[in-house]
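Here are some notes for your reading of this structure, set out as numbered points. Please keep the sequence and the model side by side while you go through them.

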Amino acid sequence: MTVISGYLGAGKTTLINRILADPQGLRILVMVNDFGAINIDERLLISRGEDTIALSNGCVCCTMGADLFMAIGDTLDRRPRPDHLFIEASGISDPARIANAALAETELSYAGIVAVVDGQRFCDFREDPLIGPQYMSQIEKADLIWVSKEPDGPQLDQVKGVVTAPVVEGLTSDAFLKLIGGASSPPAKGQPHAEYSSWSSDGSFAGDATALRDHLENRPRGLFRVKGVARDAAANHWHVQVVGTQVEITPAPQKTPPGIIGIGLSALWDPEAIQAWWPS
């Protein structure tokens, strides 16, 4: 589950429409507060109900309703079950409270908070005495910053100067979904300007679970997403899920083949640092 946050008018709907129009073969479900703001291509529509829109590419868009946990339960009951759930947070909500729903639901894997930032009005909102604190609180809780509306250079520099999460602009749907959901393969050979890069290891780790968590928490900055199965020094196997600031480690069956995959933004990618961090 990924939460898409951002202040009023930031461009969340633009990002959602990109995801729905080009899901890269995934069954995606998007929860929104209001259908009216979602301008879905009529050619993709199969059916439209009171609270659900079905698309020909396997995606579904539904309204959130009053009870988030019930809405998530309905999502998990769907057959076939969606591969990825995106929840649009209202412009004045706390995205972390929504993200906590994923951390509390054992059948959901947390895939981060994406904050959409208006690249033309960042400084105005940040410096506004009334909305500035809430605006920055949303951004500071994000695992990934998506800058919208063709930002000018000074505003983009301001964004990068005050946040710790990776900052992206103009990312394609393909690269975005790989970055959020994890990668199963590296970019195609010969791709001159890959927006993301990937890395893999056999999953062997010379330490225990506590050391493994510490190691993942101190990974190179360019590694945004890490997933797979690690085998520690005592031959215990651990499911590993890392996204942004979140690190989750849970026991895996001994028969599960170990192997780790990582993905991040090419602009922040340092192969030597990653190799030194976890030799493959």
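1. Helices and strands are here DSSP runs, of at least four residues for a helix (H or I) and at least two for a strand (E), and they are numbered from the N terminus. With that naming, Gln24 can be placed in the loop between α1 (12-21) and β2. Please bear in mind throughout that this is a predicted model.

2. Most residues other than glycine have a negative phi, and most peptide bonds are trans. Gln24 departs from the first of these habits, since its phi is near 60°, a positive value in a residue that is not glycine. Gln24 is also partly exposed, with a relative accessible area of 36%.

3. Ala235, which is not a glycine either, has a positive phi of about 70°. Ala235 sits in the loop between β11 (225-231) and β12 (237-243), and with a relative accessible area of 37% it is partly exposed.

4. Which peptide bond is cis, with omega near 0°? The bond in question runs from Arg79 to Pro80, and Pro80 belongs to the loop between α2 and β6.

5. Two packed helices are described by the angle between their axes and the distance between the axes. For helix α2 (residues 68-77) and helix α3 (residues 95-104), the axes come within 11 Å and cross at roughly 45°; angles from 35 to 65 degrees count as oblique, and α2 and α3 are therefore oblique to each other. Their crossing is right-handed. On the α2 side the contact is made by Leu68, Phe69 and Ile72, and on the α3 side by Ile98, Ala101 and Ala104. These contact residues comprise 6 nonpolar, no polar and no charged ones.

6. Which residues of α2 are buried? They are Leu68, Ala71, Ile72, Thr75 and Leu76, and seen down the axis of α2 they fall within an arc of 140°, so they line one face of the helix. An α-helix has 3.6 residues a turn, so residues three or four places apart point the same way. The cover over the buried residues of α2 includes β2 (28-32), β6 (84-88) and α3, whereas Phe69, Met70, Asp74 and Asp77 are exposed on the other side of α2.

7. Is Ser5, a residue of strand β1 (residues 2-5), buried or exposed? Ser5 has a relative accessible area of 1%, and because buried means under 20%, it counts as buried. Leaving aside residues up to four places away in sequence, Ser5 touches Lys12, Ala89, Pro95, Ile113, Val114, Ala115 and Val116.

Terms used:
Residues numbered from 1 in each chain as written. Predicted model: local features only at pLDDT ≥ 70, side-chain atom pairs only at ≥ 80, totals over all residues. Heavy atoms only, no water. Axes fitted to C-alpha atoms, helices over the stretch in contact; angles between N-to-C directions. Parallel < 35°, antiparallel > 145°, perpendicular 65-115°, else oblique. Left-handed = near helix turned anticlockwise from the far one by under 90°. Contact = heavy atoms within 4.5 Å. Nonpolar A, V, L, I, M, F, W, Y, C, P; charged D, E, K, R; others polar. Buried < 20%, exposed > 50% of the residue type's maximum accessible area, 1.4 Å probe, protein only. Arc of directions from axis to C-beta.
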